[in-house]
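User: Hi! I am new to reading protein models, and I would like to explore this one with you step by step. Could we look at it together?

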Amino acid sequence: MSHADTAVIIPAAGSGERLGVGIPKALVEISGQTLLERAVQNISAVAQLIVIAAPPGFEEEIKKIFTEPSVLVVAGGRVRSESVANALKVIPSKYQYVLVHDAARAFAPTELAERVLSELIQGQSAVIPALDVVDTIKVVDAEDFVVDTPNRSTLRAIQTPQGFTVDVLKQAHATGSDATDDAALVSQLGIPVKTIIGEPLARKITTLADLTWARELVGQS
Ligand code: C5P
């Protein structure tokens, strides 16, 4: 499924500090392909334009990887929201829908993006993939003492791609706030955010254990 008015933003400017491999995480290779290339490959079927927010100093290197005119590269920001805001600025006004997808969730299948987009086409303005949480989640204070145990049945682990109408995502980023995902900024505006069933393959590659999972997935241990 492809829709003529859909752009994708790939925030890829994270340092990958938690992975500890010394290069930006998006450029880590698995089976000869960077996480960024795999993320772009898996989502490109739904979009006519892809905007990558590149790690500082790596813009030119990334432009050399993606030479097709349908891929733009912008400078990433200091925080994730700033990277998304920088990318949003270069999306031409004809685009109606935008999916924001972490480079680190490189194995998210195309089908997940299709389901997110399908909800937008049916009239939702904000759609995010969610998985039930299996662990009990607790809120702790600055001294690591438990202050709350939210009811697990009301909790979800949220993934990307997250889908929005371009208008709604622009409103959300106009506030200049930062959050760990775009849906949080949209919720702050009081706009309903719909969850759909997520996908274990959309796991965020963050730690060495995630990298091992990814290498096993592609049969490279
Ligand atoms: O840091 P976190 O794991 O939440 O990053 C999620 C995604 O946001 C990653 O793909 C990362 O490259 C991206 N990011 C970014 N700009 C930043 C920080 C993170 O594009 N300043």
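User: What is the volume of the second largest pocket?

Analyst: Happy to help! Keep in mind that this is a predicted model, so every value here is computed from it. The second largest pocket comes out at a volume of about 180 Å³.

User: Which elements give two or more residues to the lining of the second largest pocket?

Analyst: Let's begin with the lining itself, which includes Leu-131, Asp-132, Ala-157 and Ile-158. Strand S7 spans 126–132, and strand S10 spans 156–158. The elements that supply two or more lining residues are strand S7 and strand S10.

User: How many residues in the lining of the second largest pocket are nonpolar, polar and charged?

Analyst: Among the lining residues are Asp-132, Val-133, Asp-135 and Gln-159. Asp counts as charged and Val as nonpolar, while Gln falls among the polar ones. Sorted this way, the lining divides into 6 nonpolar, 1 polar and 2 charged.

User: Which residues come closest to the centre of the largest pocket?

Analyst: The largest pocket has a volume of about 680 Å³. A set of 27 residues lines this pocket. By class, the lining holds 9 nonpolar, 9 polar and 9 charged residues. The closest to the centre are Gly-14, Arg-18, Lys-25, Arg-80 and Lys-204.

User: Which residue has a side-chain N or O atom 2.7 Å from a nitrogen atom of the ligand?

Analyst: There are 15 residues around the ligand, and Pro-11, Ala-13, Gly-14, Arg-18 and Ser-83 come nearest. A polar backbone atom of Pro-11 is 2.8 Å from an oxygen atom of the ligand, and a backbone N or O atom of Gly-14 also lies 2.8 Å from a ligand oxygen. The side-chain atom that sits 2.7 Å from a nitrogen of the ligand belongs to Ser-83.

User: How much of the area that the ligand exposes when taken alone does the protein bury?

Analyst: Start with the ligand on its own, where it exposes 460 Å². Then add the protein and see what part of that area becomes covered. The buried part is 86%.

User: Which helices each supply at least two residues to the lining of the largest cavity?

Analyst: The count gives 1 cavity of 30 Å³ or more, and the largest cavity has a volume of about 40 Å³. Its lining includes Ala-39, Asn-42, Thr-110 and Leu-112, and by class it has 7 nonpolar, 3 polar and no charged residues. The helices you are looking for are helix H1 (35–43) and helix H4 (110–121).

User: Where is Pro-161, the residue that follows a cis peptide bond?

Analyst: Most peptide bonds are trans. The bond from Thr-160 to Pro-161 is cis, with omega near 10°. Pro-161 is also one of the residues lining the largest cavity. Its place in the chain is the loop between strand S10 (156–158) and strand S11 (162–165).

User: Is Ser-31 buried, partly exposed or exposed?

Analyst: Ser-31 has a positive phi of about 50° although it is not a glycine, and it lies in the loop between strand S2 (29–30) and strand S3 (33–34). Its relative accessible area is 43%. Since buried means under 20% and exposed means over 50%, Ser-31 is partly exposed.

User: And is Asp-144 buried or exposed?

Analyst: Asp-144 has a phi near 70°, again positive in a residue other than glycine. This residue belongs to the loop between strand S8 (139–140) and strand S9 (146–148). Because its relative accessible area is 61% and the cut-off is over 50%, Asp-144 is exposed.

Methods. Residues are numbered from 1 along each chain as its sequence is written. This is a predicted model: local features need pLDDT of at least 70, side-chain atom pairs count only at pLDDT 80 or more; totals for chains, interfaces and linings use all residues. Side-chain values use heavy atoms; hydrogens and water are left out. Helices (H or I, at least four residues) and strands (E, at least two) are DSSP runs, numbered from the N terminus. Buried means under 20% relative accessible area, exposed over 50%, partly exposed in between (1.4 Å probe, protein chains only). On a 1 Å grid over the protein atoms alone, a cavity is a set of points where a 1.4 Å probe fits but cannot get out, and a pocket is an open set with protein on both sides within 12 Å along at least five of seven lines; lining residues have an atom within 4 Å of a point. Grid points are joined across faces, edges and corners, and a volume is the space filled by probe spheres set on the points. A residue is near a molecule or strand if one of its heavy atoms lies within 4 Å of it. A polar contact is a pair of N or O atoms within 3.5 Å; within protein, one must be able to donate a hydrogen and the other to accept it, and residues adjacent in sequence count only if both atoms are side-chain atoms. Accessible areas come from the Shrake-Rupley method with a 1.4 Å probe; for residues, only the protein chains shown count as cover.
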